[in-house]
Amino acid sequence: MTRRDPTPAYGDVTGAAPRRRRVVFDHDGAPDDLLSLLLLTRYDHVDLRGVAVTPADCLLEPALSATRKILDLVGRDVPTAAGVLPGRNPFPLAWRIDALRVDALPVLNQKDHDTTRADRPAAHEQLATWLMRAPAPVTVLATGPLTNLARCLDDHPRIESRIEEVVFMGGALDVTGNVNQPGHDGTAEWNVFWDPGAVRRVFDAAVPITMFPLDVTDRVPVTPDLARAFGRHYGHPVSDLAGSLLALTFGTLETTSLPYCCWDSLTTSYLAEPGICTFETVHCDVITRGESQGRVVRRSGGRAVRCARTVDSGRFHRHLLTMLTPGPTPVPTPGGRQASPARRADVGPAGERGG
Ligand code: AGV
Ligand code: CA
């Protein structure tokens with residue numbers, strides 16, 4: 001398989017307006033994925049062409065329902081699709097049920113929603129259609145496993161040339177993984193572990209890949225200060241939802257001894273403010289069998305992947321607050337300093353802001 005060098009025209013890192021992108025989003029329904037969806041809808045320069053839900057870190061039905069309710073809340077008419085492909089290593093049910101809680105949040109149930117919408121065709125088929133129909137190559141943002149994309153590449157090899165960049169939350173390069181399962185050595189990150197073969201398939205494709213491994217996402221845990229900052233904007237649907245999604249992550253440290261991080265939302269922020277992180281090109285491989293399955297390793301001669309290496313966590317927090325709250329607010333920074341956001345999104349109530 002030929003490999004294109006992963007050097008696409010990345011967004012400006014100097015703070016100027018990000019370039020326009022067509023985006024297809026494939027997420028797996030955890031609170032952080034749904035926060036990412038909300039964030040993505042606030043980016044004026046992003047033309048969101050479809051949202052697929054992978055049934056990995058969620059129960060499919062409530063995650064799909066919550067996805068549609070979020071799009072409806074912000075007045076966006078974007079097609080959705082249900083992932084039907086299984087992963088090899090299931091997520092803990094205790095995490096997957098979070099989607100039921102999100103789907104029941106009052107802010108997402110201000111009116112009756114149509115629950116009879118058809119979910120066909122399945123996400124991996126729909127993905128091909130979205131990519132082929134777009135007038136120019138599309139960014140695939142994946143904050144869950146790469147199962148749909150991998151199958152789509154197998155079934156429709158022509159889509160390769162329709163992909164501008166794959167932006168993926170996954171992997172753990174020089175840090176410990178977050179999989180704590182019998183028979184596993186703990187070196188893998190969950191999105192890769194769920195379907196290691198899918199990551200191998202995407203690594204084999206001639207598409208530029210930008211990856212956000214645990215090395216960098218470990219640096220952006222959900223903090224009480226960040227979650228509470230949204231309370232100051234109580235009454236604004238977008239801020240309420242953002243704060244509620246963050247609140248739902250509390251208790252993770254107590255039950256798993258690892259913090260809940262802004263894994264997916266940091267990855268998503270790259271589309272708007274790529275300068276929040278710095279990057280390094282790493283030659284990678286993925287282990288697909290045995291006790292290290294799902295581990296992404298450095299290997300000379302391996303697949304070149306652009307990996308996020310450092311993050312300005314204060315800037316990331318300001319980004320979230322700027323994009324997801326309606327008005328000026330003191331923005332807490334990790335060092336306790338106060339900084340004012342550079343730009344603020346219009347975060348009006350449902351329907352105020354069209355797609
Ligand atoms: O490994 C991080 C990925 C991200 O895409 N997910 C959560 C984010 O959506 C899996 C995950 C790891 N630890 C978790 C996870 C936890 N404690 N709770 C829920 N999901
Ligand atoms: Ca996820």
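## Reading the surroundings of Thr-143

User: Which residues does Thr-143 touch, not counting residues up to four places away in sequence?

Analyst: In this predicted model, Thr-143 touches Phe-25, Asp-26, His-27, Asp-28, Asp-33, Met-169, Asn-191, Asp-264 and Thr-268, once residues up to four places away in sequence are set aside. Thr-143 itself is found in the loop between β4 and α6, and its side chain makes a polar contact of 2.7 Å with the side chain of Asp-33.

User: Does that leave a further reading to make: is Thr-143 buried or exposed, and why?

Analyst: A residue is called buried when its relative accessible area is under 20%; Thr-143 has a relative accessibility of 1% and therefore counts as buried. Asp-28 is buried as well, as is Thr-143.

User: Which protein donors does the calcium ion (ligand 2) have, and how are the donor residues spaced in sequence?

Analyst: A donor list is best read twice, by distance and by sequence. The protein donors of the calcium ion (ligand 2) lie 2.2 to 2.6 Å from it and comprise OD atoms of Asp-28 and Asp-264, two OD entries from Asp-33, and the O atom of Thr-143. In sequence the donor residues follow the spacing D-x4-D-x109-T-x120-D. Distant parts of the chain are linked here, with Asp-28 in the loop between β1 (21-27) and α1, and Thr-143, 115 residues apart from it, in the loop between β4 (138-142) and α6 (147-155).

User: How many residues surround ligand 1, and which are the closest?

Analyst: Ligand 1 is surrounded by 15 residues, of which the closest are Asp-57, Thr-143, Asn-178, Glu-189 and Asp-264. Individual distances then add detail: a polar side-chain atom of Glu-189 lies 2.5 Å from an oxygen atom of ligand 1, while N or O side-chain atoms are found 2.9 Å from a ligand 1 oxygen in the case of Asp-33 and 3.0 Å in the case of Asn-191.

User: What is the order of the strands in the open sheet, and which strands stand at the edges?

Analyst: In a regular strand the side chains alternate between the two faces of the sheet. Here the open sheet has 9 strands in the order β3-β2-β1-β4-β5-β6-β9-β7-β8, with mixed pairing. The edges are formed by β3 (80-82) and β8 (296-298), each of which has a single partner strand, so that one side of each is left without a neighbour in the sheet. Ignoring direction, neighbouring strands are turned by 30 degrees against each other on average.

User: How many bridges join β1 to β2, and how many join β7 to β9?

Analyst: β1 is joined to β2 (residues 46-53) by 7 bridges, and these strands run parallel; Phe-25 has Val-51 as its bridge partner in β2. On this sheet packs α1, which touches β1, β2 and β4 and whose direction makes about 165 degrees with that of β1. By contrast, β7 and β9 run antiparallel and are joined by 8 bridges, with Thr-281 standing opposite Arg-306 in β9. The pairing of β7 with β8 is also antiparallel, with 3 bridges, and there Cys-284 stands opposite Arg-298.

User: How many residues of helix α11 are buried, and what covers them?

Analyst: An α-helix has 3.6 residues a turn, so residues three or four places apart point the same way. Helix α11 (residues 237-247) is mostly covered, with 9 of its 11 residues buried, among them Pro-237, Asp-240, Gly-243 and Leu-246. What covers these buried residues includes α1 (31-41), α2 (60-73), α4 (98-103), α10 (224-229) and α14 (313-324).

Methods
Residues numbered from 1 in each chain as written. Chains lettered and ligands numbered in written order. Predicted model: local features only at pLDDT ≥ 70, side-chain atom pairs only at ≥ 80, totals over all residues. Heavy atoms only, no water. Buried < 20%, exposed > 50% of the residue type's maximum accessible area, 1.4 Å probe, protein only. Helix = DSSP H or I, 4+ residues; strand = E, 2+ residues; numbered from the N terminus. Contact = heavy atoms within 4.5 Å. Donors = N, O, S within 2.8 Å, 3.2 Å for Na, K, Ca; no water. Pairing = 2+ DSSP bridges. Axes fitted to C-alpha atoms, helices over the stretch in contact; angles between N-to-C directions. Near = heavy atom within 4 Å. Polar contact = N/O pair within 3.5 Å; in protein donor to acceptor, adjacent residues only side chain to side chain.
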